[in-house]
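Visitor: I should like to study this structure with you, step by step. Could we begin once it is in view?

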Amino acid sequence: MFIKAGHRKVLIVDDDPGIRQILRLILEVEDFDVVGEAVDGIEAVPQAVASQPDFIVLDEQMPRRGGEETAAMIRNMVPEAQIIAFSAILDAKPAWADAFLRKQNINDVAPLVEGLIDLRD
């Protein structure tokens with residue numbers, strides 16, 4: 001499968017440093033370019049604007065600014081980015097996300113992003 005350059009940049013947003021590290025490792029092993037990590041929406045928005053990621057793995061529940069509010073801001077500033085809601089509490093994809101992944105299924109993150117790439121191309 002041919003993946004266009006520039007369709008593999010990912011921003012990770014989660015308040016748990018262990019989760020961020022695991023996501024980074026999984027994605028980098030699958031040749032994704034992790035362009036940044038943020039602990040909450042306050043950090044995520046300027047990073048998204050600066051790095052212009054193709055995909056954002058966005059925790060739903062974080063201190064200071066949660067996933068829903070962060071997603072709305074990012075959609076206005078980086079409309080091409082696809083947002084993956086990443087949550088331990090949600091049971092289904094929220095309206096603000098393009099895809100959804102439960103934290104217990106963290107190992108499925110790379111195939112999920114690959115599937116979103118296929119839909120883009």
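Visitor: Across which strands does helix α2 lie?

Guide: In this predicted model, the direction of α2 is at about 155° to that of β2. An angle over 145 degrees counts as roughly antiparallel, so α2 is roughly antiparallel to β2. The strands that α2 lies across are β1, β2 and β3 (55–59).

Visitor: At about what angle does α3 run to β3?

Guide: Helix α3 lies across β3 and β4 (82–87). Its direction relative to β3 is given by an angle of about 155°.

Visitor: Is α2 roughly parallel or roughly antiparallel to α3?

Guide: Two packed helices are described by the angle between their axes and the distance between the axes. Here the axes of α2 (residues 41–51) and α3 (residues 67–77) come within 10 Å and cross at roughly 15°. Since angles under 35 degrees count as roughly parallel, α2 is therefore, with respect to α3, roughly parallel.

Visitor: How many nonpolar residues does the contact of α2 with α3 have?

Guide: On the α2 side the contact involves G41, A44, V45, A48 and V49, and on the α3 side T70, M73, I74 and M77. By class, no residue there is charged and two are polar, while the number of nonpolar residues is seven.

Visitor: What is the order of the strands in the open sheet?

Guide: Strands of a sheet pair through backbone hydrogen bonds, either parallel or antiparallel. In this sheet of five strands the pairing is parallel. The order is β2-β1-β3-β4-β5.

Visitor: Which strands are the edge strands?

Guide: An edge strand of this sheet pairs on one side only. This applies to the strands at residues 33–38 and 99–102, namely β2 and β5.

Visitor: Which residue of β2 is the bridge partner of K9?

Guide: Strands β1 and β2 run parallel and are joined by five bridges. One of the bridge pairs includes K9, whose partner in β2 is D33.

Visitor: Which element has the lowest mean pLDDT?

Guide: For the protein, the mean pLDDT is 86, and 91% of the residues reach 70 or more. Among its elements, strand β1 (residues 9–13) has the highest mean, 96. The lowest mean, 76, belongs to residues 109–120, which form helix α4.

Visitor: Over which residues does pLDDT stay under 50?

Guide: For this stretch the model has eight contacts beyond four places in sequence. The stretch where pLDDT stays under 50 is residues 1–6.

How values were computed: Residues are numbered from 1 along each chain as its sequence is written. This is a predicted model: local features need pLDDT of at least 70, side-chain atom pairs count only at pLDDT 80 or more; totals for chains, interfaces and linings use all residues. Side-chain values use heavy atoms; hydrogens and water are left out. Axes are lines fitted to C-alpha atoms, for helices over the stretch in contact, and angles run from 0 to 180 degrees between N-to-C directions. Helices (H or I, at least four residues) and strands (E, at least two) are DSSP runs, numbered from the N terminus. Angles under 35 degrees count as roughly parallel, over 145 as roughly antiparallel, 65 to 115 as roughly perpendicular and the rest as oblique. Contact means heavy atoms within 4.5 Å. Ala, Val, Leu, Ile, Met, Phe, Trp, Tyr, Cys and Pro count as nonpolar, Asp, Glu, Lys and Arg as charged, and the others, Gly among them, as polar. pLDDT is the predictor's confidence in each residue, from 0 to 100. Two strands pair if DSSP finds at least two bridges between them.
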